[in-house]
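Welcome! Take a moment to look over the sequence and the model, and then let us walk through a pair of helices and the surroundings of a ligand.

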Amino acid sequence: MKKQYLFAPGPTPVPPKVLAANAEPMVHHRGPDFQATYVSALERLKQVWRTQSPVLLFSASGTGAMDSAVTNLCAPGERVVVVVAGAFGERWAKICAHYGLDVVRADYAWGERPDPDEIGALVRESAARVVFATQSETSTGVVSDMQALKAAVGDAILVVDAVSSLGAVRLDTDGWGIDVVVSGSQKALMCPPGLAMVSVAEPLWDGLGQSNSFYFDWRATRKAQEVFDAAFTPAVSLIRGLDVALGMILDEGLDAAIERHLRLGRAARAGAKAMGLELFSPDDDSSAVVTAIKVPEGVAAPELLRHLRDRHGVTLAPGQGALKPTVFRIGHVGWFDIFDIAVALAAIELGLIELGATVERGVAVESAFAAYELPVV
Ligand code: PMP
């Protein structure tokens with residue numbers, strides 16, 4: 001028997017209550033049994049998004065909702081600004097290029113935090129109508145300030161990828177005036193992969209053109225959701241679990257969940273530093289989703305990850321792109337507590353020692369607990 005531990009920033013561990021809801025017997029999606037769940041899940045999504053506008057729910061991974069934003073908002077040839085500071089900014093750029101948009105890139109080095117004022121200037125200079133950005137760049141651990149970005153881009157439509165941050169990091173959709181917010185089920189929302197969501201601010205609806213996607217047509221989806229029907233067969237089992245998971249988040253309280261993630265980030269960073277490791281992600285409270293850490297001299301990150309998985313049943317996330325050989329990541333988004341961080345840190349410490357690295361022994365877990373207890377102001 002080997003117990004498995006998952007510390008990836010998606011898919012993330014799914015609470016037993018959610019798994020149990022996923023496993024309930026099938027019901028017909030147009031009958032009253034499912035409709036009650038659908039009504040509840042759609043309402044709870046709006047609460048977690050902090051919006052009065054509709055949140056559209058699709059059967060897809062998060063990228064499906066990203067794709068829908070591009071195909072519903074933009075026409076081929078249209079100039080858009082895309083903020084690129086890691087793998088998921090690159091994904092926005094690829095989707096936009098795929099649909100023939102004229103992409104103006106606001107490029108930043110991986111690990112750098114995009115500058116809202118620079119992006120605002122680029123938007124004005126390029127006369128772009130739509131800006132695509134990433135709140136939590138999961139590949140680097142950098143979380144950007146979407147409130148400042150919206151203020152800087154003014155009247156341009158801001159589309160935010162919050163796939164790895166929604167429910168873990170503050171995102172006040174209506175309060176900050178964020179036009180479109182995209183997310184997915186398998187991160188802070190504590191569900192299996194397979195559901196994608198997108199909020200579309202009320203003022204955008206009048207100006208929407210014809211969708212370039214049939215399946216991800218926002219207007220058709222809204223029309224169906226308004227009568228609590230789904231445009232196509234919805235992912236019944238996943239939506240049952242989603243409703244339970246959203247209920248758990250709202251019971252904890254959105255603010256409390258966000259503070260928990262902030263503390264988990266503090267704990268992970270304190271533990272890594274205490275054993276002598278260098279952080280790749282920023283060493284501040286914004287790093288609440290994933291902690292990216294550099295491997296010490298003499299150990300390759302893929303070797304450490306393989307060792308922890310095969311020998312100890314502990315799965316961490318690899319570095320992405322050029323960071324693969326030197327960086328690994330602890331995901332702490334979703335159903336995590338301080339004891340999970342203790343397990344991750346203890347496993348990293350043991351694994352590194354077994355691979356011959358020199359690390360400070362026996363201090364990481366204690367430092368993590370101490371950092372977790374510090375007050376949040
Ligand atoms: N954006 C971000 C920030 C992500 O972390 C991910 C998933 N890792 C995605 C987009 C893509 O989501 P999916 O894999 O669910 O399509």
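A crossing of two helices is called right-handed if the near helix is turned clockwise from the far one by less than a right angle, and left-handed if anticlockwise. Keep that in mind as you explore this model, which is predicted.

**Two packed helices**

Helix H12, made of residues 338-354, packs against helix H13, residues 364-373. Their axes lie 9 Å apart, at an angle of about 155 degrees. Angles over 145 degrees count as roughly antiparallel, and H12 and H13 are therefore roughly antiparallel to each other. As for the handedness, H12 and H13 cross in the right-handed sense.

**Around the ligand**

Now turn to the ligand, which has 13 residues around it. Which of them come nearest? They are Ser 61, Thr 63, Thr 138, Asp 161 and Lys 187. The table shows side chains with a polar atom (N or O) at a listed distance from a ligand atom.

| Residue | Ligand atom | Distance |
|---|---|---|
| Thr 63 | oxygen | 2.5 Å |
| Thr 138 | oxygen | 2.5 Å |
| Asp 161 | nitrogen | 2.5 Å |

How much of the ligand does the protein bury? Taken alone, the ligand exposes 400 Å², and 87% of that is buried by the protein. Two elements, helix H3 (62-73) and helix H4 (87-98), each give two or more residues to the shell around the ligand. H3 gives the most, with three residues. By type, the shell residues divide into seven polar, three nonpolar and three charged.

Note on methods. Residues are numbered from 1 along each chain as its sequence is written. This is a predicted model: local features need pLDDT of at least 70, side-chain atom pairs count only at pLDDT 80 or more; totals for chains, interfaces and linings use all residues. Side-chain values use heavy atoms; hydrogens and water are left out. A residue is near a molecule or strand if one of its heavy atoms lies within 4 Å of it. A polar contact is a pair of N or O atoms within 3.5 Å; within protein, one must be able to donate a hydrogen and the other to accept it, and residues adjacent in sequence count only if both atoms are side-chain atoms. Accessible areas come from the Shrake-Rupley method with a 1.4 Å probe; for residues, only the protein chains shown count as cover. Helices (H or I, at least four residues) and strands (E, at least two) are DSSP runs, numbered from the N terminus. Ala, Val, Leu, Ile, Met, Phe, Trp, Tyr, Cys and Pro count as nonpolar, Asp, Glu, Lys and Arg as charged, and the others, Gly among them, as polar. Axes are lines fitted to C-alpha atoms, for helices over the stretch in contact, and angles run from 0 to 180 degrees between N-to-C directions. Angles under 35 degrees count as roughly parallel, over 145 as roughly antiparallel, 65 to 115 as roughly perpendicular and the rest as oblique.
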